[in-house]
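Thanks for sharing this one; I have put together some notes to read alongside the coordinates. They go from the overall fold to a few individual residues.

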Amino acid sequence: MISFARQRLGRFLPPFLSRFAQSLFRIYYNMGDCIFCKIVDGTAKADILHRDERVTVFRDLHPAAPTHILIVPNRHIDSVDQLEEADASLAGHMFVVAKQIAARENLSDGYRLIVNTGPQGGQTVFHLHLHLIGGRQMRAMG
Ligand code: AMP
């Protein structure tokens, strides 16, 4: 909702004012310099596959497999650790969208969904995201 409002605002303002307004939004909503927030609000480029009012889906810049896609909530949430009970529907929506994108990408033989959480969990971008990885045989975990 917030990101949609930000995008709409962007359409009615000249580019320099739009960028200024986006920066104010980011500061107000404590999003800082988050690259995924910038992709969500359109100020950073990405190969976007799907966008709705709750999530944005785009291809990973450094794919770990033939298909490597990220499902990202539009609202900034640092990681799974910051999820609240009220976010349960959003978290579920991320999985449903992942399934739909997997079908669109012809991953009918299967795929892997990963959510790295925190530094020891291998998280490098601190905006919650679900990795959708497929197109090759995955090794068993562990
Ligand atoms: P993680 O290590 O779980 O936090 O995953 C972060 C992922 O974001 C990595 O797979 C990166 O390759 C990917 N990534 C980082 N910056 C970008 C970007 N600008 N566009 C698309 N993917 C990105």
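1. Let me begin with the ligand, keeping in mind that this is a predicted model. The shell around the ligand is made up of six nonpolar, five polar and one charged residue. The residues concerned are Ile-35, Ala-46, Phe-58, Asp-60, Leu-61, His-62, Leu-70, Asn-116, Gly-122, Gln-123, Thr-124 and Val-125. Several of these come up again below.

2. Now the overall layout. The protein chain has four helices and five strands, and their order along the sequence is α-α-α-β-β-β-α-β-β. Of its 142 residues, 22% count as buried. Among contacts with a separation of 6 or more, 57% link residues 24 or more positions apart.

3. The sheet is worth a careful look. Its five strands are arranged in the order E1-E2-E3-E5-E4, as an open sheet with antiparallel pairing. Strand E1 (48-51) and strand E4 (111-114) each have a single partner strand, so each of these edge strands has one side without a neighbour in the sheet. On average, and with direction ignored, neighbouring strands are turned by 15 degrees against each other.

4. Going through the pairings, E1 and E2 make a hairpin with three residues between them. These two strands run antiparallel and are joined by three bridges, with His-50 opposite Val-57 in E2. E2 in turn pairs with E3 through five antiparallel bridges. Here Phe-58 has Leu-70 in E3 as its bridge partner, and both Phe-58 and Leu-70 are listed around the ligand.

5. On the other side of the pairing list, E3 and E5 are also antiparallel, over five bridges. Two of the partnerships are easy to find in the viewer: Ile-69 with Leu-132 in E5, and His-68 with Ile-133 in E5. How much of E3 is covered? Five of the seven residues in E3 are buried, and the strand is described as mostly covered.

6. Next, the core. The largest nonpolar core contains 18 residues, and Val-57, Ile-71, Ala-98 and Leu-132 have the most contacts inside it. Two or more residues each come from helix H3 (35-41), strand E2 (55-59), strand E3 (67-73), helix H4 (88-104) and strand E5 (130-134). As general background, nonpolar side chains in soluble globular proteins tend to be buried together.

7. Ile-71 is a good residue to centre the view on. Leaving out residues up to four places away in sequence, Ile-71 touches Val-55, Val-57, Met-94, Val-97, Ala-98, His-129, Leu-130 and Leu-132. Among these, Val-57, Ala-98 and Leu-132 are named with Ile-71 as the residues with the most contacts inside the core.

8. Ile-35 links helix H3 to the ligand shell: this residue lies in H3 and is one of those around the ligand. Is Ile-35 buried or exposed? Ile-35 counts as partly exposed, because 14 C-beta neighbours lie inside 10 Å. Beyond residues up to four places away in sequence, Ile-35 touches Ala-44 and Val-125. Val-125 is 90 residues from Ile-35 in sequence, yet their C-alpha atoms are 7.9 Å apart. Val-125 also belongs to the ligand shell.

9. Cys-34 sits in the loop between helix H2 (15-28) and H3. Cys-34 has 19 other C-beta atoms within 10 Å and is therefore partly exposed; the cut-off for buried is 20 or more. Apart from neighbours within four places in sequence, Cys-34 is in contact with His-76 and His-127. Cys-34 and Asp-78 are 44 residues apart in sequence, and 9.6 Å separates their C-alpha atoms.

10. One backbone detail deserves a check by eye. Asn-106, in the loop between H4 and E4, has a phi near 60 degrees, a positive value in a residue other than glycine. For context, most residues other than glycine have a negative phi. Asn-106 is exposed, because 10 other C-beta atoms lie within 10 Å.

How values were computed. Residues numbered from 1 in each chain as written. Predicted model: local features only at pLDDT ≥ 70, side-chain atom pairs only at ≥ 80, totals over all residues. Core = buried A, V, L, I, M, F, W, Y, C linked by C-beta atoms within 7 Å. Buried ≥ 20, exposed ≤ 12 C-beta atoms within 10 Å, placed from the backbone. Contact = placed C-beta atoms within 7 Å. Near = placed C-beta within 6 Å. Nonpolar A, V, L, I, M, F, W, Y, C, P; charged D, E, K, R; others polar. Pairing = 2+ DSSP bridges. Axes fitted to C-alpha atoms, helices over the stretch in contact; angles between N-to-C directions.
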